[in-house]
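Student: Could you take me through a close look at how the helices pack here, and then at the backbone and the ligand?

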Amino acid sequence: MNSLLLDALHYKNLQRPPVWFMRQAGRYLPEYQALKKGRTLYDMFHDPKLIVDVTMQPVDILGVDAAILFSDILIVFDALGIEYEFQDKIGPVIKKPIDFAKLQKRDVKESLWFVFEGIRNLRKELKVPLIGFAGAPFTVATYLLELSKRELADTKKYMYSEPESFKLLLDKLFEVILEYVDLQVENGAQAIQIFDSWAGLLSYPEFKKYSLSYLERLVKERKHQDVPMILFCRNSSLFAQELSALKPHGISIDWGADMLKMRSLIPAPIALQGNLDPSLFHGSLSNIENEAKRLMDGMKNDPGYIFNLGHGIHPDVPVEKVKHLIQYVKSY
Ligand code: CP3
């Protein structure tokens, strides 16, 4: 087993940094497009065989040092009876209006059996660690509340007009997400990344109340404390000190921040992951190399550094450039 990622998450990697990318499984890969032909995204996320095949693609094609489960943060809706779909060019859509007060948690093991079967089968094939993941309650809630544009206008309207119901909704999502994370680990996930992608649009008091408090509970209340957990918010750098006070194994940093400055705010043994701007893939190979080198030179000899992007790969980048960067990191 290639253990660079797990070693870095335990702050003890003395070799080159491990490399994997957020959204490494997906649309920029022609092999993904081929599997997707004639299928809906919803069907793909619900098929344990496809979960295995799509998760394996970047490992086989790119040679990354870790696999991330092919699934979506919205999959937990299955454990609350919420109906949804993914529409091309639009993204996730909730099918019916929901009465939040009536949401009932279902059996998580039964509702999401296909994910757990996928994880068990992946572990039989993989020679690199498998990262499981979940959305944080706040970010998952935005997909229930945000009906117009993605500026969180609807979410914030509900947050302030119905504060008690909003909190109850987050509590319900939290319960499902916590159990889902534990079950991923029990079925074989070797690290867990939590995505609170929209937390960066909150004010500081909102962040503490609706994002940080649940991230803290996820870090502290999960059953398997020995399995590393990585926290990611878009704009994590704004909240570096608050996130590091939770003492997760790792924090994933957006591209807006300087990694060395982040290291001065986030002490060992917390691993730091990031933070190349994914837009660099639209530029020249030499520029990609220069930026990767600058990043790696800065983090040199840091036993807890993980090479990654500041956010997910864009769907329209050439695979060759992605491969080139991975080889460059591996030969650093
Ligand atoms: O490779 C991986 O990173 C693993 C798989 C993964 C997906 N979604 C598959 C996916 C992961 C980790 C996610 C997380 C996710 N999903 C987040 C948090 C990370 C982030 O990007 O901030 C969020 C906010 C979502 C919600 C979501 N899912 C949106 C808004 C969309 C549509 C827009 C988009 O980015 O594509 C999806 C669809 C989705 N999830 C795709 C994939 C591969 C697109 C696939 C396709 O269109 O064929």
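Tutor: Happily! Let's begin with one helix pair: P48, I51, V52, T55 and M56 in α4 meet W113, F114, V115, E117, G118, N121, L122 and E125 in α6, where contact means heavy atoms within 4.5 Å. Sorted by class, the contact of α4 with α6 has eight nonpolar, three polar and two charged residues; here Ala, Val, Leu, Ile, Met, Phe, Trp, Tyr, Cys and Pro count as nonpolar, Asp, Glu, Lys and Arg as charged, and the others, Gly among them, as polar.

A word on the source: this is a predicted model, in which local features need pLDDT of at least 70 and side-chain atom pairs count only at pLDDT 80 or more, while totals for chains, interfaces and linings use all residues. Residues are numbered from 1 along each chain as its sequence is written, and side-chain values use heavy atoms, with hydrogens and water left out. Helices (H or I, at least four residues) and strands (E, at least two) are DSSP runs, numbered from the N terminus.

Back to the geometry. Two packed helices are described by the angle between their axes and the distance between the axes. Axes are lines fitted to C-alpha atoms, for helices over the stretch in contact, and angles run from 0 to 180 degrees between N-to-C directions. For α4 (residues 48–62) and α6 (residues 113–125), the axes come within 8 Å and cross at roughly 45°. The two helices are therefore oblique to each other; angles under 35 degrees count as roughly parallel, over 145 as roughly antiparallel, 65 to 115 as roughly perpendicular and the rest as oblique. The crossing of α4 past α6 is right-handed, meaning that the near helix is turned clockwise from the far one by less than a right angle.

Next come α9 (residues 163–187) and α10 (residues 204–221), which pack at about 25° with axes 11 Å apart. That makes α9 roughly parallel to α10. On the α9 side, the contact is made by F166, K167, L170, D171, F174, I177 and L178, and on the α10 side by Y210, Y214, R217, L218 and E221. These residues divide into eight nonpolar, no polar and four charged. The crossing of α9 past α10 is again a right-handed one.

Helices α7 (residues 137–145) and α8 (residues 153–161) pack at an angle of about 100°, with axes 8 Å apart. They are therefore roughly perpendicular to each other. F138, T142 and L145 of α7 make the contact with D154, T155, Y158 and M159 of α8, giving four nonpolar, two polar and one charged residues.

Now the backbone. Most residues other than glycine have a negative phi, and most peptide bonds are trans. N235, not a glycine, has a positive phi of about 75°, and N235 sits in the loop between β6 (229–233) and α11 (240–245). The A268 to P269 peptide bond is cis, with omega near 5°; P269 lies in the loop between α12 (259–265) and β8 (271–276). Another cis peptide bond joins G274 and N275, with omega about -20°, and N275 is in strand β8.

Finally, the ligand. Of the 23 residues around it, R23, R27, Y32, K36 and S197 come nearest, a residue being near if one of its heavy atoms lies within 4 Å. A polar side-chain atom of Y32 lies 2.7 Å from a ligand oxygen atom, and an N or O atom in the side chain of H311 is 2.8 Å from a ligand oxygen atom. From A25, a backbone N or O atom lies 2.9 Å from an oxygen atom of the ligand.

Methods. A polar contact is a pair of N or O atoms within 3.5 Å; within protein, one must be able to donate a hydrogen and the other to accept it, and residues adjacent in sequence count only if both atoms are side-chain atoms.
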